[in-house]
Amino acid sequence: MSASCAVTPSARTELFSSSSKRSIFPAQICRPRYKCEISRRDFAVRGIVASGVSVMGTPSSPSAASQSVKGSGRLAYKPEGYNFWEWRGHKIHYVVQGEGLPLVLIHGFGASVFHWRYNIPELAKKYKVYALDLLGFGWSDKALIEYDAMVWTDQVTDFMKEIVKEPAVVVGNSLGGFTALTVAVGLPEQVTGVALLNSAGQFAAESRKREEAEETVITKFIVKPVKEIFQRVVLGFLFWQAKQPSRIESVLKSVYVDATNVDDYLVESISKPATDPNAGEVYYRLMTRFLMNQSRYTLDSVLSKMTCPLLLLWGDLDPWVGPAKAEKIKAFYSNSSLVHLQAGHCPHDEVPEAVNIALLDWLSNVVSKPSSPEVMDV
């Protein structure tokens, strides 16, 4: 267990200064009426199931029918998990396969290592692939702590130091993407490249005026306390509702353009009732932490301090985070390449073949041999 982390409180203050406040979560959806912003309610309802909702408990074993969908190219399901590492007194689950340059895969909100089911076996043919469950998700402990983005940054940073122990490329989807960026800034000597798949994170200027307008005296001392009580009731209902198979399938199909990939493996892993006694409380803390504090961290502050190559693997059909965001990141960070994918918010699970090809190509041609930025279509 590690008692230290690379990003100290003072470093965090410098990295995410108060002059550039933004959310770490997706806030875009291509609907002109809402000026391309997803509502907090939509995030609360849909975010918990779009990527797996493993915070709800250990998934049941997939059916034989779903096991045969892509054969041996899928990570074997193990109800007991793979490997465990103790971090700050908590049990953290991870997978490791292959040999070579290490790749560290970080899942999105509500998901687990099994969301990389089609990527780990293929990438492990050429690289040493690690995938870990963030604290509060998957097979990792459902710790009753106050969650914020830096909890997972600290966790992955220590994982890199204690388990990986050598230079590596970090790959992240959604929330895991923003975590990958912050880890790269905190460990520049160990992170040799970052790949983002429809990453969370926002630029500072996108909603500063709205945030300033919202933070009135009435909002701070009356609305927020009442909202906290209301949220506990509503989120408790949503936690229950999200476990219903019909609801899970409906939401998954809204973020997976190719609905055929919404199979038994996904649905069954979400529909199993919560078994961990802390699961409901963890879910409440996760959601309220982000719903009430969405303005602390920005892409600007992170990217301006990062130095390694960046790959953007973007599902252009994502109903939350469209290609405009990827283009903006690329324009801001010159040492980057962009690959457009015909997929939704989770391209690594929806079009894994295309993601694997693009990632392997970038790893062999960019990380080892830096080249000029480029834009591709897949």
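How many disulfides does the structure hold? The count is zero. A disulfide is a covalent bond between the sulfur atoms of two cysteines. Two cysteines can be placed by their accessibility: C308 has a relative accessibility of 8% and therefore counts as buried, since the cut-off is under 20%. C346, at 0%, counts as buried as well. The model described here is a predicted one.

**The chain as a whole**

The chain is built from 15 helices and nine strands. It has 378 residues, and 56% of them count as buried. Among contacts with a separation of 6 or more, 80% are between residues 24 or more positions apart. The accessible surface of the chain is about 15000 Å². Carbon and sulfur atoms contribute 56% of that surface.

**Helix α5**

Helix α5 covers residues 149-164, which is 16 residues. From its first C-alpha to its last it reaches 21 Å, close to the 22 Å expected at 1.5 Å a residue. Of these 16 residues, 13 are buried, so α5 is largely enclosed by the rest of the structure. An α-helix has 3.6 residues a turn, so residues three or four places apart point the same way.

Both ends of α5 have a feature to point out. At the start, a side-chain oxygen of D148 comes to within 3.1 Å of the backbone nitrogen of M150. After the helix comes K165, whose phi is positive, near 60°.

**Positive phi in two loops**

Most residues other than glycine have a negative phi, and most peptide bonds are trans. R88 and S174 are residues other than glycine with a positive phi, and each lies in a loop. The table sets out their values.

| Residue | Phi | Loop between | Relative accessibility |
|---|---|---|---|
| R88 | near 50° | β1 (83-87) and β2 (90-97) | 34% |
| S174 | near 55° | β5 (168-173) and α6 (175-186) | 5% |

Are these residues buried or partly exposed? R88 counts as partly exposed because its relative accessibility is 34%, between the cut-offs of 20% and 50%. S174 counts as buried because its value is 5%, which is under 20%. The loop that holds R88 joins two strands, β1 and β2, whereas the loop that holds S174 leads from strand β5 to helix α6.

Note on methods: Residues numbered from 1 in each chain as written. Predicted model: local features only at pLDDT ≥ 70, side-chain atom pairs only at ≥ 80, totals over all residues. Heavy atoms only, no water. Helix = DSSP H or I, 4+ residues; strand = E, 2+ residues; numbered from the N terminus. Expected span 1.5 Å × (residues − 1). Buried < 20%, exposed > 50% of the residue type's maximum accessible area, 1.4 Å probe, protein only. Polar contact = N/O pair within 3.5 Å; in protein donor to acceptor, adjacent residues only side chain to side chain. Disulfide = S-S within 2.5 Å. Contact = heavy atoms within 4.5 Å. Areas by Shrake-Rupley, 256 points an atom, 1.4 Å probe, with all protein chains shown as cover.
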